[in-house]
Amino acid sequence: MAPRIAVGQVVKRKAVIVKPDDTVHRVARILSKNKVGSAVVVKDDEIVGIITDRDILDKVVAKGRDPKTVKVEEVMTKNPITIEDDYEVQDAIDKMMDKGIRRLLVTRLGRPIGFVTAADLLAALNTYSGGSEEETSEETEVYGICELCGQYGPLYKVYIEGGEKWICESCKDSLNL
């Protein structure tokens, strides 16, 4: 019997947020700076789409369009498939298989918190099903808003007051974590 692992426990890639009227050029720079392959498109607090490096490559670059004039909303994937962070990993895998997609946007109360890939989910199942017992302490390059000070930048997962938080280096240092 597989253990119950919530999708939220598996999210390594923080959601990078862009707007529908951003240019593709601006988004490409944001993706590159944050070393991520996709961004969540948000308008008035609603998730309206996602844009991936493939979208930029296939729908803009390969077609010879100018990234500085093409807007995100012209090339994004509308109404992306999402899953709430308290669902189980198996639910996420089933959803991906069902929809034939490679990454899933994870939300908490409808707000984007990050992405999981099939590889992330399978690795989680493998780790928790008595595979290697050692803690995986790989520092993933995660960027987003620090949950303590609100600054945007590289984040570290820490455990505070029995819960996990993503915080920036200066908050991490000031808490001596």
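Two strands are taken to pair if DSSP finds at least two bridges between them. In this predicted model, β9 and strand β10 (residues 152-160) meet that criterion, pairing in the antiparallel sense over 4 bridges. Within this pairing, Tyr 152 of β10 serves as the bridge partner of Ile 145. Both strands belong to an open sheet of 3 strands, ordered β9-β10-β11 with antiparallel pairing. Its edge strands are β9 (142-145) and β11 (163-167), each of which pairs on one side only. On average, neighbouring strands of this sheet are turned by 55° against each other, direction ignored.

Aromatic side chains come next. The structure holds 0 aromatic pairs, yet a ring does take part in another kind of arrangement: the charged end of Lys 172 sits over the ring of Tyr 156, 4.6 Å from the ring centre.

A second open sheet is made of 4 strands in the order β1-β8-β7-β6, and here the pairing is mixed. β1 (13-14) and β6 stand at the edges with a single partner strand each, so one side of each is left without a neighbour in the sheet. Moving inwards from that edge, β1 and β8 pair in the antiparallel sense over 2 bridges, and Lys 14 stands opposite Gly 114 in β8. Strand β8 is mostly covered, with 5 of its 7 residues buried.

On to the hairpin of this sheet. Strand β7 (residues 103-108) and strand β8 (residues 111-117) pair in the antiparallel sense over 6 bridges. Thr 107 has Pro 112 of β8 as its bridge partner, while Arg 108 stands opposite Arg 111 in β8. The hairpin has 2 residues between the strands, and Leu 109 takes a positive phi near 50°. As a helpful reminder when viewing these strands, side chains in a regular strand alternate between the two faces of the sheet.

Arg 108 also links the hairpin to a loop residue, Asp 85. Asp 85 lies in the loop between β6 (82-84) and α4 (89-99). Is Asp 85 buried or exposed? Because a residue counts as buried under 20% relative accessible area, Asp 85, at 13%, is buried. Its side chain is joined to that of Arg 108 by a polar contact of 2.6 Å. Leaving aside neighbours within four places in sequence, Asp 85 is in contact with Ala 6, Val 7 and Gly 8, with Val 106, Thr 107 and Arg 108, and with Ile 113. Two of these contacts, Thr 107 and Arg 108, are thus met again here after their pairing with Pro 112 and Arg 111.

Terms used
Residues are numbered from 1 along each chain as its sequence is written. This is a predicted model: local features need pLDDT of at least 70, side-chain atom pairs count only at pLDDT 80 or more; totals for chains, interfaces and linings use all residues. Side-chain values use heavy atoms; hydrogens and water are left out. Rings of Phe, Tyr and Trp (its six-membered ring) pair if their centres lie within 6.5 Å; planes under 30 degrees apart count as stacked, over 60 as edge-to-face and the rest as tilted. A charge sits over a ring if NZ of Lys or CZ of Arg is within 6 Å of the ring centre and within 35 degrees of the ring normal. Axes are lines fitted to C-alpha atoms, for helices over the stretch in contact, and angles run from 0 to 180 degrees between N-to-C directions. Buried means under 20% relative accessible area, exposed over 50%, partly exposed in between (1.4 Å probe, protein chains only). A polar contact is a pair of N or O atoms within 3.5 Å; within protein, one must be able to donate a hydrogen and the other to accept it, and residues adjacent in sequence count only if both atoms are side-chain atoms. Contact means heavy atoms within 4.5 Å.
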